[in-house]
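User: Please take a close look at a single helix of this model and at its surroundings. I should like a connected account of how that helix is packed, followed by the other helix contacts that can be described in similar terms.

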Amino acid sequence: MRAVAPPFSDEHEELRQSIRGFLTRELAPHAERWEDERWFPNEVFGQLAQQGLLGLKYPSEYGGQGGDYLHEAVLCEEMARIGSGGTAAGIGAHVNIATPPIWKFGSEEQKQRYLVTAIRGELIGALGITEPAAGSDVASLRTRAEAVDGGFLVNGEKTYITNGVRADFIVTAVKTTAEGGHHGTSFLIIDRGEGVSSAKLEKLGWHASDTATIAFEDVFVPAENLLGPLHEGFKLIMANFQWERLAMALGAVGAMQLAWERTAAYARERHAFGRPLSGHQVIRHKLVDLASSAYAARCVTYDALRRFVAGEEPISEVTIAKLLTQRAAFELMDECLQIHGGTGYMRELWVERAARDARLGPIGGGSDEIMREILGRTLAL
């Protein structure tokens with residue numbers, strides 16, 4: 001099960017080995033403790049910044065590495081090696097969700113103030129779109145930004161926000177007209193400060209990440225923090241969806257590969273009825289099926305990634321990759337846990353955590369049901 005294939009080059013493989021070594025050496029040993037503590041230190045962002053991993057795809061003029069989405073894709077895959085879905089999610093939210101809108105749509109001043117400091121790991125970002133009454137239906141957002149002298153006054157609530165407790169700034173979707181919707185939504189970069197409060201949420205998985213509800217109560221946001229054109233925020237929401245979903249597919253591919261490697265090794269070492277588990281046909285065939293699933297998920301994801309970096313608009317391919325990989329990853333983790341038997345159900349084993357973490361995939365970043373609706377439209381059904 002070779003992990004590297006087109007569209008990646010030898011350069012990307014060297015980067016992969018460097019990232020894998022760093023994550024395995026510096027972060028993975030702390031994964032279990034961070035999960036138990038329901039938090040990973042903010043210093044992790046500084047560690048990643050020192051390795052150049054918070055700005056792989058960003059231009060050097062902003063402190064990035066001057067790479068592209070393929071370099072970022074390698075990081076997305078390898079973060080499974082941390083062994084903590086929550087830690088990977090917190091890093092991913094900063095790198096793949098919060099900072100891209102500033103890079104694509106921000107003014108030069110906004111890029112200097114937020115993107116440069118985010119790449120250095122000095123400020124941590126979050127993206128605030130989802131609300132208690134508006135999840136996938138982003139046109140129904142209720143958080144309101146009222147125009148006042150010098151800026152906006154924001155009131156409302158966001159929920160299920162990754163990095164919602166620790167974030168120094170929240171790239172926030174708000175209504176800027178009474179109607180809101182496609183031509184009445186805008187984006188504001190809201191700094192943590194007076195009127196901004198967070199309540200951490202407890203979850204099935206991703207324990208190390210701080211998922212939160214964020215409340216805005218009469219928060220003044222200066223006019224210079226408007227991100228992109230006024231009333232055209234819906235375009236900003238849609239602009240990063242393809243990469244966000246590709247990043248999730250890549251993360252699932254990396255997690256599936258790692259889980260298969262560890263489970264196959266366990267099956268070779270664990271003996272039952274006088275032979276290794278892999279010596280029993282039922283287990284051997286199950287491992288073969290899991291290898292096939294992981295390979296198929298990688299092929300579909302790499303095809304979508306190849307089209308994306310080539311400048312196509314691969315909405316169908318990315319949507320298929322997201323839909324297929326998230327459910328496949330959850331099912332693979334469940335089978336890996338089954339092969340580990342009672343040991344796999346114990347909290348101290350990696351597979352128990354992996355099975356819980358994988359359950360978010362078919363929900364987050366666009367649920368399976370939403371993915372099917374998108375595909376239904378693209379297929380003219």
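Analyst: The part chosen here is helix H3, and the model in which it is described is a predicted one. In H3, the residues Val44, Phe45, Leu48 and Ala49 are buried. Around the helix axis they cover an arc of only 140°, which means that they lie on the same side of H3. A general property of helices bears on this pattern. An α-helix has 3.6 residues a turn, so residues three or four places apart point the same way. On the face of H3 turned away from the buried side, the exposed residues are Glu43 and Gln50.

The cover over the buried residues of H3 comes from several elements, including H1, helix H2 (31-37), helix H5 (85-98) and helix H7 (108-119). Of these, H1 may be taken in detail. Helix H1 spans residues 10-27 and helix H3 residues 43-50; the two pack at an angle of about 150°, and their axes are 12 Å apart. Since angles over 145 degrees count as roughly antiparallel, H1 and H3 are therefore roughly antiparallel to each other. H1 passes H3 in a right-handed crossing. On the side of H1, the contact is made by Phe22, Leu23, Glu26 and Leu27, and on the side of H3 by Val44, Gln47 and Leu48. Sorted by class, the residues in this contact of H1 with H3 are five nonpolar, one polar and one charged. Val44 and Leu48 thus appear both in the contact with H1 and among the buried residues of H3.

Helix H5 offers a second view of the same surroundings. His94 is found in helix H5 and is buried, with a relative accessible area of 1%. Apart from neighbours within four places in sequence, His94 is in contact with Phe45, Leu54, Thr99, Ala118, Leu123, Ile124, Gly125 and Asn163. Phe45 in this list is one of the buried residues of H3.

Gly46 also has its place in H3. Gly46 is partly exposed, at a relative accessible area of 21%; because buried means under 20%, Gly46 is not counted as buried. Although 75 residues separate Gly46 from Gly121 along the chain, their C-alpha atoms are 4.7 Å apart. Just after H3, Gly52 takes a positive phi of about 75°.

The chain then continues into the loop between H3 and H4, where Ser60 has its place. Ser60 counts as exposed, at 59% relative accessibility. Between Ser60 and Val116 there are 9.9 Å from C-alpha to C-alpha, with the two residues 56 apart in sequence.

Helix H4 contains His71, which is buried with a relative accessible area of 13%. Leaving aside its neighbours within four places in sequence, His71 is in contact with Glu11, His12, Leu15 and Leu56. H4 (residues 69-78) also crosses helix H9 (residues 241-269): their axes come within 7 Å, at an angle of roughly 45°. H4 and H9 are therefore oblique to each other, and their crossing is right-handed. In this contact, Tyr69, Glu72, Ala73, Cys76 and Glu77 of H4 meet Trp243, Ala247, Leu250, Gly251, Val253 and Gly254 of H9. By class, the contact of H4 with H9 divides into seven nonpolar, two polar and two charged residues.

H9 leads on to another part of the model. The buried residues of helix H13 pack against H9 and helix H11 (315-340). H13 covers residues 368-378, and its buried residues are Asp368, Met371, Ile374, Leu375 and Gly376. Just after H13, Ala380 takes a positive phi of about 60°.

Ile315 belongs to H11 and, at 34% relative accessibility, counts as partly exposed. Outside its neighbours within four places in sequence, Ile315 is in contact with Gln242, Ile374 and Thr378. Ile374 is one of the buried residues of H13. By contrast with these contacts, Ile315 and Ile91 stand 25 Å apart in space, C-alpha to C-alpha, and 224 residues apart in sequence.

To return to the helix first described, H3 has its buried residues on the same side, with H1, H2, H5 and H7 among the elements that cover them, while Glu43 and Gln50 are exposed on the face turned away.

Note on methods
Residues are numbered from 1 along each chain as its sequence is written. This is a predicted model: local features need pLDDT of at least 70, side-chain atom pairs count only at pLDDT 80 or more; totals for chains, interfaces and linings use all residues. Side-chain values use heavy atoms; hydrogens and water are left out. Axes are lines fitted to C-alpha atoms, for helices over the stretch in contact, and angles run from 0 to 180 degrees between N-to-C directions. Helices (H or I, at least four residues) and strands (E, at least two) are DSSP runs, numbered from the N terminus. Angles under 35 degrees count as roughly parallel, over 145 as roughly antiparallel, 65 to 115 as roughly perpendicular and the rest as oblique. A crossing is left-handed if the near helix is turned anticlockwise from the far one by less than a right angle, and right-handed if clockwise. Contact means heavy atoms within 4.5 Å. Ala, Val, Leu, Ile, Met, Phe, Trp, Tyr, Cys and Pro count as nonpolar, Asp, Glu, Lys and Arg as charged, and the others, Gly among them, as polar. Buried means under 20% relative accessible area, exposed over 50%, partly exposed in between (1.4 Å probe, protein chains only). The arc is that of the directions from the helix axis to the C-beta atoms.
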